[in-house]
Amino acid sequence: MASSSSLNVERLWACTDGTICLLIERETAPRFEVCVVRGEEVLRQDRLYANASARMLAETWRAGVTKSPLQHHA
C-alpha cells in the first residue's frame with residue numbers, strides 16, 4: 001500500500017562523538033519533532049507545535065550535550 005505522506009528531515013547539528021540532532025516535520029500536530037541520537041540510541045526527543053520553538057529546544061539540548069562532565073569550575 002503506497003503512502004503519499006512524506007517527512008521533511010533536517011540535521012540541525014552534530015558533535016564529534018557522533019551525536020546528531022534532527023528536526024522532523026510531520027503532517028500531524030504537533031508537527032515538529034526534535035530528536036537527538038547517538039548511533040542507535042535516542043538520547044532526547046520531543047514534539048512541538050512551532051518550528052521556532054523546536055529549533056530553540058535543539059540549541060538548548062546542544063549546550064547540554066556538548067558540555068563535558070570533566071570540565072568542572074570551582
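**Figure 1. Glu-33 and the residues around it.** Leave out the neighbours within four places in sequence, and Glu-33 is still in contact with Leu-22, Leu-23, Ile-24, Arg-26, Gln-45, Asp-46 and Arg-47. Keep in mind as you look that this is a predicted model. Glu-33 lies in strand β3. Is it buried or exposed? At 4% relative accessibility, Glu-33 counts as buried, because the cut-off for buried is under 20%. Now look at the side chain of Glu-33: a polar contact of 2.6 Å joins it to the side chain of Arg-26. Another polar contact, of 2.3 Å, links the side chains of Glu-33 and Gln-45. And if you look across to the neighbouring strand β2, you'll find Ile-24 standing opposite Glu-33.

**Figure 2. Strand β3 and its partner β2.** Glu-33 has plenty of company here: six of the seven residues of β3 are buried, so this strand is largely enclosed by the rest of the structure. β2 and β3 run in the antiparallel sense and pair over seven bridges. How many residues sit between these two strands in their hairpin? There are six residues between β2 and β3.

**Figure 3. The hairpin of β3 and β4.** On to the next pair: strand β3 covers residues 32-38, strand β4 covers residues 41-48, and the two pair in the antiparallel sense over seven bridges. You can walk along the pairing residue by residue. Start with Phe-32, whose bridge partner in β4 is Leu-48. Further along, Val-36 stands opposite Arg-44 in β4. Then comes Val-37, with Val-42 of β4 opposite. This hairpin has two residues between its strands, and Gly-39 in the turn has a positive phi of about 65°.

**Figure 4. Thr-19, tucked into the structure.** Find Thr-19 in strand β2. How much relative accessible area does Thr-19 have? The value is 0%, and Thr-19 is buried. Its side chain makes two polar contacts to look for. One, at 2.8 Å, goes to the side chain of Asp-17. A second, at 2.7 Å, goes to the side chain of Arg-38. Not counting residues up to four places away in sequence, Thr-19 touches Trp-13, Ala-14, Val-36, Val-37, Arg-38, Leu-43 and Val-65. Val-36 and Val-37 may look familiar, as they turned up in the previous view, opposite Arg-44 and Val-42.

**Figure 5. The sheet, with the helix packed on it.** Put the strands together and you get an open sheet of four, in the order β1-β2-β3-β4, with antiparallel pairing. Which strands stand at the edges? They are β1 (8-14) and β4; each has a single partner strand, so one side of each is left without a neighbour in the sheet. Neighbouring strands of this sheet are turned by 20° against each other on average, if you ignore direction. Helix α1, made of residues 51-66, packs on the sheet and touches β1, β2, β3 and β4. The direction of α1 makes about 30° with that of β1.

**Figure 6. Leu-57, a helix residue meeting the sheet.** Zoom in on Leu-57 in helix α1. Which residues does Leu-57 contact, once neighbours within four places in sequence are set aside? The answer is Asp-46 and Leu-48. You've met both already: Asp-46 is in contact with Glu-33, and Leu-48 is the bridge partner of Phe-32. Now compare Leu-57 with Val-34: they are 23 residues apart in sequence, yet their C-alpha atoms are 7.8 Å apart in space.

**Figure 7. Stepping back to the chain and its tail.** Here's the whole protein chain, with one helix and four strands. Read along the sequence, the pattern is β-β-β-β-α. The chain has 74 residues, and 23% of them count as buried. About 5500 Å² is exposed, with carbon and sulfur atoms supplying 51% of that area. If you look at contacts between residues at least 6 apart in sequence, 19% join residues at least 24 apart. How sure is the predictor about all this? The average pLDDT is 87, and 84% of the residues score at least 70. Be careful with residues 70-74, though: pLDDT stays under 50 there, and the model has zero contacts for them beyond four places in sequence.

Notes:
Residues numbered from 1 in each chain as written. Predicted model: local features only at pLDDT ≥ 70, side-chain atom pairs only at ≥ 80, totals over all residues. Heavy atoms only, no water. Buried < 20%, exposed > 50% of the residue type's maximum accessible area, 1.4 Å probe, protein only. Contact = heavy atoms within 4.5 Å. Areas by Shrake-Rupley, 256 points an atom, 1.4 Å probe, with all protein chains shown as cover. Pairing = 2+ DSSP bridges. Axes fitted to C-alpha atoms, helices over the stretch in contact; angles between N-to-C directions. Polar contact = N/O pair within 3.5 Å; in protein donor to acceptor, adjacent residues only side chain to side chain. pLDDT = per-residue confidence, 0-100.
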